[in-house]
Amino acid sequence: MLETPENLRTLQRKLYIKAKQAPAYRFYALYDKMWREDILLFAYRLVRANKGSPGIDGMNFEDIEQKTGIDKFLLELAQDLKDKTYRPNPVRRVMIPKADGTMRPLGIPTIRDRVAQMAVKLIIEPIFEADFCPNSYGFRPKKSAHDAVDEITNALHQGYTCVIDADLSKYFDSIPHAKLMAVVAERIVDGAVLHLIKQWLKTPVISEDKDGVKRNVGGGKGNSLGTPQGGVISPLLANCYLHVLDRIWERHHLCWKLQARIIRYADDFVVMCRGKADMPLATVKHVLERLDLTLNETKTHIVDARNEPFNLLGFKIRVGKSWKTGKSYTHRSPSPKSLAKIKDRITQLTARERTPIPLEHVIGSVNSVLRGWVNYFHYGNSSQALERVKWHTEERMRTHLMKRHKVKDRGAGLGRFPSQQLYTKYGLYKVPTTAGWKKVHALV
């Protein structure tokens, strides 16, 4: 975790305090902070820590550091920003497979553009943070998916057991630019900053086929919808726009009037209801229509959590009953999709065609994936799921070693590669099988 430089931290604190104390204040003198040397350097370090693929120019971090030099790279960017001659490069489109077999488009800006976006984010995020509601958890400092799941647990404990499991149709692709910029301009009237954001929203999107032929697949000046997933600034802008829903819910006291609470992580959200879901659902639809957004009717469900589970942020959440005490509690464990996804990934990393790869590289990639998954799901009531992942990993690693050493008999493989040796001799990461329990709340 990179530590924010003290000068930048002081500036962010001042912006946050001013925004908090004056909810109607509009910030007009921010652009000159964007090319400050300390801010651009820290923005670069943050982008570097996030890693990520090269953009459309093919330039990676090694190219910048070994050929151009960080100082020169940032100096040129600072000069372009200062002279207002900065123009973003097109965004590179890549397609990421989803769990349901479909593909999700991801837009990858160049490193230069990611650094510029990060510099803007560092300055404007504290202003919007002062406004964001406590029920919003996604892509926010000191907030996490686990915090959102904890609030869901508390809501279930308080009797909000009728759950609208909402799904927005292609949210990032359908945000209207004009209305988004109007929301941003409620707080920021610095024309140069607004112009930067508009440029990023209008950036052309370029796809490259297998033959290396590049073609324009979206974006551009004529485009009026969407913010590319993959851009540094996109999650903040997406939060700003859906903040309108949170704000309406809060200002009109709908939590009390409708007996319904919204718990949101970016565009993933649930509406927890104490009674029937009809009015809360109709209200959500009405607000979203005003925002030119729509609920995906086929993927939005109303669930009685006392009788059936619902999924959010990779977790399956339901009300269970303790076999020891007979009391009800909130059960949180990896969803079937999350479990299938990690098992499929381990199977891919230990496949037969990877036997020519040095064993330490295979185990290193398996360990890296496992650690990331466990860090997220070592929580709640996940012990059984962790046990299943551990067993699957051992089986796959043993099968991989048998292929490497041409051991065909399964019994011989068990004798030659026992589970304990997978950890002590080969250095396989051992999945913990007792979840990181947090106190669960008994339901009334």
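Tutor: A salt bridge here is a side-chain nitrogen of Lys or Arg within 4 Å of a carboxyl oxygen of Asp or Glu. Keep in mind that this is a predicted model.

Student: Thanks! With which residue does Glu395 form a salt bridge?

Tutor: The closest N and O atoms of the pair are 2.9 Å apart, and the cut-off is 4 Å. The two residues are separated by about one helical turn because they lie three residues apart in helix α15. Glu395 is partly exposed, at 22% relative accessibility, whereas its partner is buried at 2%. That partner is Arg398.

Student: Which residue pairs with Glu394 in a salt bridge?

Tutor: Look within helix α15, residues 383–404, where the two partners are four residues apart, about one turn of the helix. Glu394 is buried, with a relative accessible area of 8%, and its partner is buried as well, at 15%. Their closest N and O atoms are 3.0 Å apart, and the partner is Lys390.

Student: Is Asp113 buried or exposed?

Tutor: Asp113 forms a salt bridge with Arg112, with 3.4 Å between the closest N and O atoms. Buried means under 20% relative accessible area. Asp113 has a value of 1%, so the residue is buried.

Student: How many salt bridges does a search of the whole structure find?

Tutor: Side chains of opposite charge can pair when their charged atoms come close. Among the pairs found are Glu395 with Arg398 and Glu394 with Lys390. For the whole structure, the search finds 20.

Student: Moving on to helix packing, are α14 and α15 roughly parallel or roughly antiparallel?

Tutor: Two packed helices are described by the angle between their axes and the distance between the axes. Helix α14, residues 359–377, packs with α15 at about 170 degrees, the axes being 12 Å apart. Angles over 145 degrees count as roughly antiparallel. The two helices are therefore roughly antiparallel.

Student: How many nonpolar residues are in the contact of α14 with α15?

Tutor: From α14, the contact includes Leu359, Val362 and Trp373, and from α15 it includes Leu386, Val389 and Met397. His400 and Arg404 of α15 also take part. By class, there are two polar residues, one charged residue and, for nonpolar residues, 11.

Student: Which strands stand at the edges of the open three-stranded sheet?

Tutor: The strand order is β9-β10-β11, with antiparallel pairing. Each edge strand has a single partner strand, so one side of each is left without a neighbour in the sheet; these strands are β9 (310–312) and β11 (328–334).

Student: Which residue in β10 is the bridge partner of Phe310?

Tutor: Strand β10 covers residues 315–321, and three bridges join β9 to this antiparallel neighbour. For Phe310, the bridge partner in β10 is Ile317.

Student: Where does Ala266 lie?

Tutor: Most residues other than glycine have a negative phi, and most peptide bonds are trans. Ala266 has a positive phi of about 55 degrees although it is not a glycine, and at 6% relative accessibility it counts as buried. Its place is the loop between β6 (260–265) and β7 (268–273).

Student: And is Phe139 buried or partly exposed?

Tutor: Phe139 also has a positive phi of about 55 degrees, and this residue is found in the loop between α5 (111–129) and α6 (145–157). Its relative accessibility is 43%, so Phe139 counts as partly exposed.

How values were computed. Residues numbered from 1 in each chain as written. Predicted model: local features only at pLDDT ≥ 70, side-chain atom pairs only at ≥ 80, totals over all residues. Heavy atoms only, no water. Buried < 20%, exposed > 50% of the residue type's maximum accessible area, 1.4 Å probe, protein only. Pairing = 2+ DSSP bridges. Axes fitted to C-alpha atoms, helices over the stretch in contact; angles between N-to-C directions. Parallel < 35°, antiparallel > 145°, perpendicular 65-115°, else oblique. Contact = heavy atoms within 4.5 Å. Nonpolar A, V, L, I, M, F, W, Y, C, P; charged D, E, K, R; others polar.
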